[in-house]
Amino acid sequence: MPVTDQIVVRCRKGDARAFHELYEAYSKAMYNICLRMTGHASDAEDVLQEAFVQVFRNLEKLESDSSLTAWIKRIVVNHCLSYLRRKKVYWEEVGDTEAAAETGVDEEEHALTVSIVKDAIRELPDGYRTVLNLYIFEEYSHREIAGMLGITESTVKTQFMRAKEKVRQLVKLKTGQG
């Protein structure tokens with residue numbers, strides 16, 4: 001039995017030390033998700049705390065063959081989305097024609113530092129940043145993101161393309177190329 005499975009078993013028995021071990025094992029990676037999606041450290045901490053409360057309360061529902069990491073990540077992402085909805089972040093619906101036109105964005109490569117790109121992503125509007133993070137960093141498909149956000153797949157694709165273009169523009173400005 002993997003170590004994390006043993007921790008889950010102990011958590012289900014109410015072992016406070018096991019809760020701490022589980023939190024320590026996953027909190028850093030999950031905090032990074034929260035920070036990418038909320039864009040603010042204090043908001044990320046709040047969302048992370050709420051998410052782990054739900055994780056601990058629902059450990060009984062975790063199926064034995066489920067991936068613990070994927071299950072916790074899903075809870076964290078859902079809490080991030082709830083936070084963004086409370087902030088009144090909306091994803092503008094677009095038609096299929098506009099979505100198709102947006103896919104022709106030039107994919108030129110830039111030699112950039114990671115910190116410049118991260119800064120640009122943090123500056124994106126909440127809606128763009130959410131879609132970009134879910135697709136690139138959390139590896140959800142456009143269809144999955146559409147389901148999570150309650151918007152069409154073409155809108156997700158358009159938001160993603162616009163986010164990439166906005167990041168490209170911000171990076172050019174930051175590097176003096178724009």
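**Exercise 1. Where is valine 47 found, and is it buried or exposed?**

Solution. This is a predicted model, in which local features need pLDDT of at least 70 and side-chain atom pairs count only at pLDDT 80 or more, while totals for chains, interfaces and linings use all residues. Residues are numbered from 1 along each chain as its sequence is written, and side-chain values use heavy atoms, with hydrogens and water left out.

Step 1. Valine 47 is found in helix 3. Helices are DSSP runs of H or I with at least four residues, strands are runs of E with at least two, and both are numbered from the N terminus.

Step 2. The relative accessible area of valine 47 is 1%, so the residue is buried. The term buried means under 20% relative accessible area, exposed means over 50%, and partly exposed lies in between (1.4 Å probe, protein chains only).

Step 3. Leaving aside neighbours within four places in sequence, valine 47 is in contact with Cys34, Thr38, Val76, His79, Cys80 and Tyr83. Contact means heavy atoms within 4.5 Å.

Step 4. Valine 47 and tyrosine 31 are 16 residues apart in sequence, and their C-alpha atoms are 8.6 Å apart in space.

**Exercise 2. Describe the place and the surroundings of histidine 79.**

Solution. Step 1. Histidine 79 has its place in helix 4.

Step 2. With a relative accessible area of 15%, histidine 79 is buried.

Step 3. Residues up to four places away in sequence are not counted; histidine 79 then touches Val47, Glu50, Ala51 and Gln54.

**Exercise 3. Determine how helix 4 and helix 7 are arranged, and which residues meet.**

Solution. Step 1. Helix 4 covers residues 68-86 and helix 7 covers residues 126-137; their axes come within 11 Å and cross at roughly 170°. Axes are lines fitted to C-alpha atoms, for helices over the stretch in contact, and angles run from 0 to 180 degrees between N-to-C directions.

Step 2. Helix 4 is therefore roughly antiparallel to helix 7. Angles over 145 degrees count as roughly antiparallel, under 35 as roughly parallel, 65 to 115 as roughly perpendicular and the rest as oblique.

Step 3. From helix 4, Val77, Leu81 and Leu84 meet Asp126, Thr130 and Leu134 of helix 7.

Step 4. The residues of this contact divide into 4 nonpolar, 1 polar and 1 charged. Ala, Val, Leu, Ile, Met, Phe, Trp, Tyr, Cys and Pro count as nonpolar, Asp, Glu, Lys and Arg as charged, and the others, Gly among them, as polar.

**Exercise 4. Compile a description of phenylalanine 160.**

Solution. Step 1. Phenylalanine 160 is found in helix 9.

Step 2. A relative accessible area of 7% makes phenylalanine 160 buried.

Step 3. Not counting residues up to four places away in sequence, phenylalanine 160 touches Val131, Leu132, Tyr135, Ile136 and His142.

Step 4. Asparagine 133 is 27 residues from phenylalanine 160 along the chain, and their C-alpha atoms are separated by 9.3 Å.

**Exercise 5. Examine two loop residues, threonine 152 and glutamate 139.**

Solution. Step 1. Threonine 152 lies in the loop between helix 8 (142-149) and helix 9 (153-175). Its relative accessible area is 35%, so threonine 152 is partly exposed.

Step 2. The side chain of threonine 152 makes polar contacts with the side chain of serine 154 at 3.2 Å and with that of threonine 155 at 2.8 Å. A polar contact is a pair of N or O atoms within 3.5 Å; within protein, one must be able to donate a hydrogen and the other to accept it, and residues adjacent in sequence count only if both atoms are side-chain atoms.

Step 3. Glutamate 139 is found in the loop between helix 7 and helix 8, and it is exposed, with a relative accessible area of 66%.

Step 4. Phi of glutamate 139 is near 60°, a positive value in a residue other than glycine. Most residues other than glycine have a negative phi.

**Exercise 6. Summarise the chain and the confidence of the prediction.**

Solution. Step 1. The protein chain has 9 helices and 0 strands. Of its 178 residues, 42% are buried.

Step 2. The average pLDDT of the chain is 86, and 84% of the residues score at least 70. This score is the predictor's confidence in each residue, from 0 to 100.

Step 3. Among the elements, helix 5 (residues 96-102) has the lowest mean pLDDT, 55, and helix 3 (residues 41-57) the highest, 95.
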